[in-house]
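Let's take a walk through this structure together, one piece at a time. Keep the sequence and the 3D view at hand as you read.

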Amino acid sequence: MALELRPLGKHVGVEAIGVDLNRLDDTDFGRMTAALAEHGVVFVRDQQLTPEQHIAFARRWGAIDINNYFPANGGHPEIAEVRKSETQTTNIGGGWHTDHSYDQVPAMGSVLLARETPPQGGDTLFAGMSAAFDALSPGLQDTLRGLRAVHSADHIYSHDGIYAQTDQAADLKGHDIRTRAVHPAVIRHPVTGREILYVNPAFTLHFEGWAREESMPLLAYLYGVGMREEFHCRLQWSPGSLAIWDNRSTWHCAMNDYQGHRRLMHRITISGQPLH
Ligand code: SIN
C-alpha cells in the first residue's frame, strides 16, 4: 500500500496512512521527513513496535536525548514513560508546552508511542507556532524579532516545583537539576525557512532584560494567540498509535479527561541543533 498523507488541521498535523514503520523504505521515510517539516506533526496508527523497534525508528530521525525527569522504561533509558494510573488525578504534560525548551540546545522533536489508552479521552492537542506568528501584526512581529526569552524547567520539576504538589511527584526524578537557557523569541525553521514564535506557557519565564511582571502581559497575549483553535489539531490515540512532532514549530498539551483509567505512553526525544 502506498503512503498517503492526510492533513489533520489547517495549519498543523498530518496523518500517514498505509505505512508499517518496521518496513519503511528510504523514499517513504523521506516523505515523512518532508511532511514533518511542513506540518509539524505526523501521526500514524496501528503500529506493532517493540521497544527496540521504537528506538530504531527514532534513531532514523537523529540522536536521542535522554529525559532527566520521567521514569525510564525497564532496560531502555532512551524511552521515557509518560504515565497516569487509575488512581492518579493529575497528568504529565497537561498544559501547553514545547519539550526541552529549557535546554541550551532544545530537542528537535519527540516520537511518542501509545501503549495503553483510556476508553475515551486522553487526546493530545498540537498548535502550529508558525501560523500563530504569521497571525501577529507586522509591528509586533518586528518587536519580537528583536527579543530573546529565558526558559527553565526548575519551577516545574524541582523539590518545590509544580509537580511536587501533585500525585505525579513520586514518579518523577531530577529534582536537583538546574536549567536555564536563553533563545530568540522568533526562530527560523531550518528546513522550511518559516519564522516560528518560540515562547511557551510552561517553560518561558520572561524576556531577556525584562522583569517577569513586564514580560507577562505580552507573553499572555502571545499564549492566547497560540491557544486559538484555528491553529490546532487533535490526536486521538489507541494502542499502537505513534506521533512524531517537530518540537521547534509546535506546542502540545495532553488532555486530562479520563479519570479512573490508565494511560501509558512511551516517548523518545530526538536531539536538536542550536536555534537561530
Ligand atoms: C508530552 O508532553 O510529551 C506527552 C504528551 C502526551 O502524553 O500526550
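A good place to start is strand 8, residues 124–128, which runs antiparallel to strand 16 and pairs with it over five bridges. To find the pairing on screen, look for L125, which stands opposite C253 of strand 16. Please keep in mind throughout that this is a predicted model.

Now widen the view a little. Strands 8 and 16 belong to an open sheet of three strands, ordered 14-8-16 and paired in the antiparallel sense. Strand 14 (232–235) and strand 16 (250–254) are the edge strands; each has a single partner, so one side of each is left without a neighbour in the sheet. On average, neighbouring strands here are turned by 20 degrees against each other, direction ignored. As a reminder, the strands of a sheet pair through backbone hydrogen bonds, in either a parallel or an antiparallel way.

From this sheet we can move on to the ligand. Which strands supply at least two residues each to the shell around the ligand? Strand 16 is one of them, and strand 17 (263–270) is another. Strand 17 gives the most, with three residues. The residues around the ligand are V82, G93, H97, D99, L112, T124, W245, H252, A254, R263, M265 and R267.

Where does the ligand sit? You will find the ligand in the largest pocket. Three side chains there are worth a closer look, each with an N or O atom facing a ligand oxygen at a stated distance. For T124, the distance from a side-chain N or O atom to an oxygen atom of the ligand is 2.5 Å. For R267, the corresponding distance is 2.7 Å, and for H97 it is 2.9 Å. On its own, the ligand has 260 Å² of accessible area, and the protein covers 99% of that.

Finally, let's visit another sheet. Here, too, three strands form an open sheet with antiparallel pairing, in the order 10-9-13. The edges are held by strand 10 (181–184) and strand 13 (204–207); each has a single partner strand, so one side of each is left without a neighbour in the sheet. Neighbouring strands of this sheet are turned by 30 degrees against each other on average, direction ignored. Strand 9, residues 148–151, pairs with strand 10 in the antiparallel sense over four bridges. To locate that pairing, pick out R148, whose bridge partner in strand 10 is P184.

How values were computed: Residues are numbered from 1 along each chain as its sequence is written. This is a predicted model: local features need pLDDT of at least 70, side-chain atom pairs count only at pLDDT 80 or more; totals for chains, interfaces and linings use all residues. Side-chain values use heavy atoms; hydrogens and water are left out. Two strands pair if DSSP finds at least two bridges between them. Axes are lines fitted to C-alpha atoms, for helices over the stretch in contact, and angles run from 0 to 180 degrees between N-to-C directions. A residue is near a molecule or strand if one of its heavy atoms lies within 4 Å of it. A polar contact is a pair of N or O atoms within 3.5 Å; within protein, one must be able to donate a hydrogen and the other to accept it, and residues adjacent in sequence count only if both atoms are side-chain atoms. Accessible areas come from the Shrake-Rupley method with a 1.4 Å probe; for residues, only the protein chains shown count as cover. On a 1 Å grid over the protein atoms alone, a cavity is a set of points where a 1.4 Å probe fits but cannot get out, and a pocket is an open set with protein on both sides within 12 Å along at least five of seven lines; lining residues have an atom within 4 Å of a point. A molecule sits in a cavity or pocket if more than half of its atoms lie within 2 Å of its grid points.
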